[in-house]
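Thank you for making time this morning. I would like to walk you through one structure, beginning with its open spaces and then turning to how some of its helices pack.

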Amino acid sequence: MRFCSPVIALASLFALMQAPLTSQAAGEKKLEVFSWWTSGGEAAALNALFDTYKNQYPGVEIINATVAGGGGSAARPVLQTRLAGGNPPDTWQSHPGWELLGQYVEPGYCEPITELYTSNGWDKAFPKDLVGLMTKDGKTYAVLAGVHRGNDLWFNKKLLEKNGITVGDKLSMDEFFADCDKLKAAGIPALGVGDSGIWASAQLFENTLLGVVGGQGWTDLFAGKMKWDDPKVKEAMKDFAKMQEYLNPDHSALSWDQAIGALIEGKVAFSSMGDWADGEFIKANKKENVDFGWVSHPGTDGSFIIVADGFTLAKGAPHKDAAIAWLKSIGSKEAQEAFNPLKGSIPARTDVDKSKFDAYHQWSMKSFASATLVPSCVHGEAAPAAFQQALNDAVTAFIVDKNVDNFANALVQAAKESESNK
Ligand code: GAL
């Protein structure tokens with residue numbers, strides 16, 4: 001059996017939670033946190049987590065192990081090498097669902113932290129469905145720092161106004177393309193993309209797909225009840241192909257946050273991106289609803305693509321009690337209220353002081369409470385890593401050949417392979 005007995009695991013976890021940090025030898029008061037949070041907004045928010053931790057558990061030196069690259073595309077392979085080589089960081093960033101359970105829990109890289117949920121009242125503070133995505137065989141393996149909404153369309157408000165464009169509460173695909181045409185006629189790239197990491201374009205497709213198939217279609221697709229060559233999926237592929245006509249020409253040279261930077265500078269008008277983009281606007285001191293605005297990605301009003309960020313406890317963590325303290329800190333109201341306003345995500349805890357959040361966050365919290373919640377594929381939640389990779393590869397090919405049948409067939413094939421490997 002791969003895992004040690006849950007009873008032993010819980011007992012040792014409990015013992016460690018009781019041990020004061022001061023019981024560590026001086027040289028061991030360290031904590032290594034692994035993430036890919038390096039953009040302006042991401043780093044500012046991560047620092048807020050560090051500051052909260054330092055206040056709550058003084059005297060621990062934090063090793064900030066980051067590997068740059070949005071969506072973790074560069075970080076995850078580095079992490080895998082470390083984990084496979086028996087050299088884990090104490091704790092690392094992970095999305096719930098397939099990523100956490102398939103890539104880290106299944107091979108035995110994580111220690112369960114179930115006991116933290118009961119001893120800290122988290123079983124009441126966090127939504128059960130989200131905790132369920134981090135739980136296997138009754139054991140929970142991560143605590144969430146925040147919940148991003150993946151399907152947002154951001155825009156430069158002043159640039160749109162200058163071009164006679166106003167965006168209401170919702171935007172249909174037809175309205176969106178009409179706006180794009182206006183901007184194109186004015187010589188402005190309507191849609192800013194930064195896909196030096198291809199996941200950013202995969203995300204544009206993911207959002208577009210949701211807009212066409214809807215929340216139920218999404219569930220059906222990932223449950224194998226709708227096929228990847230369904231006419232609706234192909235319609236989304238055609239929309240995605242059409243979007244390519246309105247892109248900034250330098251998209252493949254830019255990262256996601258540079259594309260948001262281009263939006264801020266008025267070089268592009270829209271960008272379809274998860275609300276970590278909000279962190280960039282905040283970092284740049286831009287005013288919401290004055291300098292920038294947002295709406296659900298065309299057709300996705302009423303749905304919320306969850307991109308949640310959790311932290312794990314490594315099995316064999318070199319600084320285990322500091323790591324447990326880190327997880328306790330992340331799950332505290334204080335950390336959730338310090339981190340999320342800067343990150344663009346909403347707190348995973350449902351009992352925070354909402355008045356501490358700006359209009360965007362209020363909007364997202366409202367959406368989270370009422371919308372159909374669906375997991376992201378691009379961010380590793382909805383499908384196994386192999387399918388996530390196959391989607392990235394298929395998007396890379398499609399951007400060049402625009403061949404809908406090839407795109408659909410590649411995904412049909414990838415879905416079959418993931419199914420047979422389950
Ligand atoms: C996501 C992550 C977010 C954000 C984004 C861009 O995968 O969940 O927190 O950092 O990548 O890097």
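**Pockets, cavities and helix pairs**

Let me begin with the make-up of one lining: in this predicted model, the residues around the largest pocket divide into 12 nonpolar, 2 polar and 4 charged. The pocket itself holds about 360 Å³ of space, and of the 18 residues that line it, those nearest its centre are L221, G224, W228, A415 and E419. Two elements, α10 (199–222) and α18 (404–421), each give two or more residues to this lining, and it is α18 that gives the most, with 5 residues.

The second largest pocket has about 300 Å³ of space. It is lined by 15 residues, and the closest to its centre are S73, R76, Q388, Q389 and N392. By class, the lining of this second pocket is made of 5 nonpolar, 9 polar and 1 charged residues. Here α3 (75–84) and α17 (385–401) each supply at least two lining residues, with the largest share, 4 residues, coming from α17.

Where does the second largest pocket lie with respect to domain 1 and domain 2? Domain 1 is made of residues 23–148 + 308–366 and domain 2 of residues 152–304 + 377–420, and because both give residues to the lining, the second largest pocket lies between them.

Let me now move from the pockets to the cavities, for which I will use the general idea that rolling a probe the size of a water molecule over the atoms shows where empty space is left. A search of the whole structure finds 4 cavities of 30 Å³ or more, and the largest cavity contains about 100 Å³ of space. Of the 15 residues lining the largest cavity, W36, W37, E42, G71 and W276 are the closest to its centre, and the lining as a whole has 6 nonpolar, 6 polar and 3 charged residues. The largest cavity, too, has lining residues from both domain 1 and domain 2, so it lies between them.

The second largest cavity has a volume of about 70 Å³, and its lining includes L191, G192, V193 and G194, along with W256, A259 and M273. The elements that give two or more residues to this lining are α10, α12 (256–264) and β8 (270–272), and by class the lining has 7 nonpolar and 4 polar residues, with no charged residues.

That brings me to the helices, where, as a general matter, two packed helices are described by the angle between their axes and the distance between the axes. Helix α12, which we have just met beside the second largest cavity, packs with helix α13 (residues 276–283) at an angle of about 50°, with the two axes 10 Å apart. That angle makes α12 oblique to α13, and the crossing of the two is right-handed.

The other pair I would like to show you is helix α9 (residues 173–185) with helix α11 (residues 231–243), which pack at an angle of about 15° with their axes 12 Å apart. How are α9 and α11 set with respect to each other, roughly parallel or roughly antiparallel? Angles under 35 degrees count as roughly parallel, and α9 and α11 are therefore roughly parallel to each other. In this pair, α9 passes α11 in a left-handed crossing.

Terms used:
Residues numbered from 1 in each chain as written. Predicted model: local features only at pLDDT ≥ 70, side-chain atom pairs only at ≥ 80, totals over all residues. Heavy atoms only, no water. 1 Å grid on protein atoms, 1.4 Å probe; cavity = no way out; pocket = protein on both sides within 12 Å on 5 of 7 lines; lining within 4 Å. Points joined across faces, edges and corners; volume = space filled by probe spheres on them. Nonpolar A, V, L, I, M, F, W, Y, C, P; charged D, E, K, R; others polar. Domains from an automatic or database assignment. Axes fitted to C-alpha atoms, helices over the stretch in contact; angles between N-to-C directions. Parallel < 35°, antiparallel > 145°, perpendicular 65-115°, else oblique. Left-handed = near helix turned anticlockwise from the far one by under 90°.
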